[in-house]
Amino acid sequence: MGRGRPSKKISQKTPIVRTGRPVSEKIVTCVVYKKPTGKKHYLNTYINYELDSIISNRKHNPLIPDNYEIIEIGIGKSYIKKYMKEFNIKEITTKD
């Protein structure tokens with residue numbers, strides 16, 4: 001009846017059960033490229049990036065520079081092991 005703060009009532013809420021579409025996993029895009037001055041192949045993995053934004057060179061700061069040669073692109077985690085074995089790659093660079 002006072003004009004102060006309302007009293008806090010402690011109540012237990014029932015947990016909300018969501019019955020919709022399950023949360024999907026993050027999309028992993030793997031890109032194998034090589035620099036113009038060398039034979040070594042590099043592997044970059046991009047999480048939740050669209051394929052068009054990776055390939056596009058119209059950005060101010062592109063993800064892969066224009067002078068690099070893109071060898072292969074794959075969507076999915078399975079391509080990481082495949083490309084590491086195929087191109088004898090030791091390191092992976094990941095960008096979120």
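**Strand pairing, a tyrosine cluster and a nonpolar surface patch**

Strands β1 and β2 run antiparallel and are joined by seven bridges. The model described here is predicted. A hairpin of six residues connects β1 to β2. Within this pairing, Thr 29 has Tyr 46 of β2 as its bridge partner. Strand β2 also pairs with β4. Here the strands run parallel, and four bridges join them. Leu 43 is bridged to Ile 92 of β4. Strand β2 spans residues 41-47, and β4 spans residues 92-95. In a regular strand, side chains point alternately to the two faces of the sheet.

Aromatic contacts were examined next. The search of the whole structure returned five aromatic pairs. One of them is formed by Tyr 33 and Tyr 42. Their ring centres lie 5.6 Å apart, with 25° between the planes, and the pair is stacked. Tyr 33 has a relative accessible area of 9% and is therefore buried, the limit being under 20%. Tyr 42, at 25% relative accessibility, counts as partly exposed. Tyr 33 also pairs with Tyr 68. In this second pair the centres are 5.3 Å apart and the planes meet at 15°, so the rings are again stacked. Tyr 33 belongs to strand β1 (residues 28-34), whereas Tyr 68 sits in the loop between α1 (51-55) and β3 (69-75). The pair therefore ties together parts that are 35 residues apart in sequence. Tyr 68 is partly exposed, with 22% relative accessibility. Through these ring pairs, Tyr 33, Tyr 42 and Tyr 68 are linked into a cluster. Tyr 42 has a further contact, with a charged residue. Lys 35 lies over the face of the Tyr 42 ring, 4.9 Å from its centre.

A nonpolar patch is found on the surface. Its members are Ile 27, Leu 51, Ile 55, Ile 70, Ile 73 and Ile 75. Together they have about 480 Å² of accessible area. Helix α1 and strand β3 each contribute at least two residues to the patch. The largest share comes from β3, with three residues. Ile 73 is one of the patch members and is placed in strand β3. Its relative accessible area is 31%, so Ile 73 is partly exposed. Patch membership requires over 30% relative accessible area, so the 31% of Ile 73 passes that cut-off.

Backbone geometry was then considered. Most residues other than glycine have a negative phi. Two asparagines depart from this sign. Asn 48 has a positive phi of about 60° although it is not a glycine. Asn 48 is located in the loop between β2 and α1. With a relative accessible area of 51%, Asn 48 is exposed, because the class begins over 50%. Asn 88 likewise has a positive phi, near 55°. Asn 88 is placed in the loop between α2 (78-87) and β4. Its relative accessible area is 57%, and Asn 88 is exposed.

Strand β2 thus has two partners, β1 in an antiparallel arrangement and β4 in a parallel one. Tyr 33, in strand β1, takes part in stacked pairs with Tyr 42 and with Tyr 68. Strand β3 supplies three residues of the nonpolar patch.

Notes. Residues numbered from 1 in each chain as written. Predicted model: local features only at pLDDT ≥ 70, side-chain atom pairs only at ≥ 80, totals over all residues. Heavy atoms only, no water. Phe/Tyr/Trp six-rings, centres within 6.5 Å; stacked < 30°, edge-to-face > 60°. Buried < 20%, exposed > 50% of the residue type's maximum accessible area, 1.4 Å probe, protein only. Lys NZ or Arg CZ within 6 Å of the ring centre and 35° of its normal. Patch = residues over 30% accessible without salt bridge, like charges linked within 9 Å, V, L, I, M, F, W, Y side chains within 5 Å. Areas by Shrake-Rupley, 256 points an atom, 1.4 Å probe, with all protein chains shown as cover. Salt bridge = Lys/Arg side-chain N within 4 Å of Asp/Glu carboxyl O. Pairing = 2+ DSSP bridges.
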